[in-house]
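Me: I'd like to learn how to read a model like this one. Can we go through it feature by feature?

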Number of protein chains: 2
Amino acid sequence: MYTIKEVSEKLNVSEHTLRFWAKSGFFPFVKRDKNNIRLFSDNDLEWVRIVICLRSVGIDNKSVKKYIELCILGDKTIKERYLIIKNTKDKALKQLKELQKQIELLSYKENFYEKLINENLKDTWNPMNSLK
Amino acid sequence: MYTIKEVSEKLNVSEHTLRFWAKSGFFPFVKRDKNNIRLFSDNDLEWVRIVICLRSVGIDNKSVKKYIELCILGDKTIKERYLIIKNTKDKALKQLKELQKQIELLSYKENFYEKLINENLKDTWNPMNSLK
DNA sequence: TATTGACATTAGAGCCACTCTCAGGTATAA
DNA sequence: TTATACCTGAGAGTGGCTCTAATGTCAATA
């Protein structure tokens with residue numbers, strides 16, 4: 001069983017965020033010890049991982065909450081949950097493409113600056129000039 | 001020359017955001033017509049693209065502003081700008097890896113649900129059970 | 001035994017980056 | 001000349017943290 005701090009370190013999410021998520025009802029199953037301290041099981045960690053996954057792909061907190069509620073409702077919500085995960089994956093794939101495009105642009109500019117520095121040329125990329 | 005609306009459509013950023021960015025000093029070079037309406041040149045569009053790029057990789061507005069100010073200062077800031085772009089690219093590459101991991105997890109779960117639906121099995125993924 | 005330090009808890013204020021609403025200005029078209 | 005389709009700025013509202021403050025538990029040390 002892990003405290004908030006340990007979960008925070010294991011999964012690289014701030015304690016603040018974990019408490020905020022807890023307050024938002026993302027972890028209805030996490031137990032407390034006699035001093036009211038949250039104890040996450042290994043299985044709970046997997047849940048946190050899913051929340052991280054959904055959030056990092058830009059699913060808003062309300063929808064994350066809804067997904068969790070569907071899980072708790074059990075088998076009869078499987079199709080709905082399937083669709084949420086599928087749509088989320090599709091969204092993530094789009095983001096991946098977008099990110100690749102941004103990396104290309106950044107690489108282009110990195111290269112551009114490298115050349116400028118090496119060749120000691122003037123910068124032709126400034127408010128008054130064009131990219132290409 | 002393009003109005004805010006046209007830029008918004010071309011680059012898929014809301015007019016609100018563009019105005020917000022303008023107010024934040026991200027486009028000090030954009031001209032206005034006699035009615036005070038912003039007119040973006042093709043070159044300005046490239047600037048907006050860079051801002052989109054930096055923002056979408058999570059560079060905060062203050063740092064975006066700083067980068068723009070460095071550009072305006074001209075040649076003597078090239079090395080500093082190079083480092084900003086390089087660090088941003090590295091950050092983006094990390095995000096790419098992270099995103100790929102998330103997509104893997106989503107695919108795993110998608111598959112899991114698909115099987116459940118096809119085989120009409122019970123859901124073993126719920127608060128009380130483990131992922132594997 | 002008292003206190004120090006490392007942990008935990010909550011409520012709630014503050015912050016960032018939008019996002020939206022509003023009131024108002026201009027230009028063309030019916 | 002009124003409708004529409006734009007544009008403008010100011011400023012309120014929102015989401016999702018992020019941080020602070022006040023408080024509590026417990027183990028170790030002076």
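**Around the DNA**

Reply: Let's start with DNA strand C, which has 16 residues around it, the closest being A:Thr3, A:Lys5, A:Arg38, B:Asp60 and B:Asn61. A residue is near a strand if its C-beta atom, placed from the backbone, lies within 6 Å of it. Keep in mind that this is a predicted model: local features need pLDDT of at least 70, side-chain atom pairs count only at pLDDT 80 or more, and totals for chains, interfaces and linings use all residues. Residues are numbered from 1 along each chain as its sequence is written, while chains are lettered from A and ligands numbered from 1 in the order in which they are written.

Me: Which elements give two or more residues to the surface near DNA strand C?

Reply: Helices here are DSSP runs (H or I, at least four residues), numbered from the N terminus. Near strand C, chain A offers α1 (4–11), and chain B offers α2 (15–23) and α4 (61–73). α2(B) gives the most, with three residues.

Me: And how do the residues of that surface divide by class?

Reply: Ala, Val, Leu, Ile, Met, Phe, Trp, Tyr, Cys and Pro count as nonpolar, Asp, Glu, Lys and Arg as charged, and the others, Gly among them, as polar. Near strand C that comes to three nonpolar, seven polar and six charged.

Me: Which residues come nearest to DNA strand D?

Reply: A:Asp60, A:Asn61, B:Thr3, B:Lys5 and B:Arg38, out of 16 around the strand. The elements with two or more residues there are α2 (15–23) and α4 (61–73) of chain A plus α1 (4–11) of chain B. α2(A) gives the most to this surface, with three residues.

**Between the chains**

Me: How are the two copies related?

Reply: You superpose the copies by least squares on the C-alpha atoms of residues with pLDDT of at least 70 in both. Here chain B goes onto chain A with an RMSD of 0.1 Å, by a turn of 180° and a shift of 0.0 Å along the axis. The two copies are thus related as by a two-fold rotation axis. In chain B, the residue closest to that axis is B:Leu96, at 3.4 Å (C-alpha).

Me: How many residues of chain B are in contact with chain A?

Reply: Two residues are in contact if their C-beta atoms, placed from the backbone, lie within 7 Å. On that basis 42 residues of chain B meet 40 residues of chain A. The largest share of chain B's side, 25 residues, comes from α5(B). By class, that side has 20 nonpolar, 10 polar and 12 charged residues.

**Helix against helix**

Me: At roughly what angle do the axes of α5(A) and α5(B) cross?

Reply: Axes are lines fitted to C-alpha atoms, for helices over the stretch in contact, and angles run from 0 to 180 degrees between N-to-C directions. The two α5 helices (residues 78–119 in each chain) have axes that come within 8 Å and cross at roughly 160°. α5(A) and α5(B) are therefore roughly antiparallel to each other, a label used for angles over 145 degrees. Their contact has 24 nonpolar, eight polar and 14 charged residues.

Me: Which residues make the contact between α4(A) and α5(A)?

Reply: First the geometry: these axes come within 9 Å and cross at roughly 150°. That makes α4(A) roughly antiparallel to α5(A). The contact is made by A:Tyr67, A:Leu70 and A:Cys71 of α4(A) with A:Glu80, A:Arg81 and A:Ile84 of α5(A).

Note on methods: Angles under 35 degrees count as roughly parallel, over 145 as roughly antiparallel, 65 to 115 as roughly perpendicular and the rest as oblique.
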